[in-house]
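Reader: Please put the model on screen. I would like to go through the burial of one residue and then the packing around it.

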Amino acid sequence: GEGRQLIGREKQLEQLTLAFESKTCSIACVIAEGGFGKSALVRHWVEDLAQKSYLGIQAGFAYSFYKQGTEAGSQGNSNISTNDFFLECLSALSGRSKNELMKTGDSKAHMRDILSILRTRRTLLILDGLEPNQYPAGTPNAGVITDPTLREFVQQLRIEAGGLCIITSRIMPAELRGAALTLNRVTEIEVRALDEESSMRVLVAE
């Protein structure tokens, strides 16, 4: 089960907590190849947070882009699901119905409304499996977010310190490398293969 993959992940759980408690960090990127338990790690951390009454979080929203990846079929062909993300996110944060929001603006307008909510409330956002919206490793634009509105949203999240956004992906978003990391706005959390001691603990657990 997924719980077993969390053996040996204490350091990564601690990094998520430090990012959450930081006054400057806006985004924590959990980066690993497929099958390394990125989603399970984040779920486990959120469950721990729930036991602590979410420590001051006023609003939360989680969205998985994995479904979109299978529907889109290839990178860069994903605008429909990106619109869906903004619609669902704004609906969750504002309490307004998706039907009502569809009549009042496009994804760019929804993005601006989400950002204005993030400025006023301590929010936990989880964007799980971003890679269907990124150019793949080995290409000239590796890691760049393909959808312009989603790219702008992630770039804006760096400077909005109204809570924490956790992104899981196989590749670090290109927009978040460099200066954002050095200013402590962004934390990169790498999930690697378990060390020998942790692997033995997994075998014992089984």
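Reader: Is T149 buried or exposed?

Author: This is a predicted model, in which local features need pLDDT of at least 70 and side-chain atom pairs count only at pLDDT 80 or more, while totals for chains, interfaces and linings use all residues. Residues are numbered from 1 along each chain as its sequence is written, and side-chain values use heavy atoms, with hydrogens and water left out. Buried means under 20% relative accessible area, exposed over 50% and partly exposed in between (1.4 Å probe, protein chains only). T149 has a relative accessible area of 11%, so T149 is buried.

Reader: Which helix holds T149, and which residues is T149 in contact with, leaving aside its neighbours within four places in sequence?

Author: Helices are DSSP runs of H or I with at least four residues, strands are runs of E with at least two, and both are numbered from the N terminus. T149 lies in helix α7. Contact means heavy atoms within 4.5 Å. With neighbours within four places in sequence left aside, the contacts of T149 are F86, S107, K108 and M111.

Reader: Which element gives the most to the largest nonpolar core?

Author: A nonpolar core is a set of buried Ala, Val, Leu, Ile, Met, Phe, Trp, Tyr and Cys residues joined through side-chain atoms within 4.5 Å. The largest has 32 residues, and I27, F85, F153 and I167 have the most contacts inside it. At least two of its residues come from each of β1 (27-31), β2, α4 (79-94), α6 (107-120), β3, α7 (148-157) and β4 (163-169). The element that gives the most to this core, with six residues, is α4.

Reader: Which residues form the covered face of strand β2?

Author: In a regular strand the side chains alternate between the two faces of the sheet. Strand β2 covers residues 59-64, and its uncovered face holds G60, A62 and S64. The covered face is A59, F61 and Y63.

Reader: Which residue in β3 does G60 stand opposite?

Author: Two strands pair if DSSP finds at least two bridges between them. β2 and strand β3 (residues 123-128) pair in the parallel sense over six bridges. Opposite G60 in β3 stands L124.

Reader: What percentage of the residues in the protein chain is buried?

Author: The protein chain has nine helices and five strands. Its pattern along the sequence is α-β-α-β-α-α-α-α-β-α-β-α-β-α. Of the 206 residues in the protein chain, the buried ones make up 45%.
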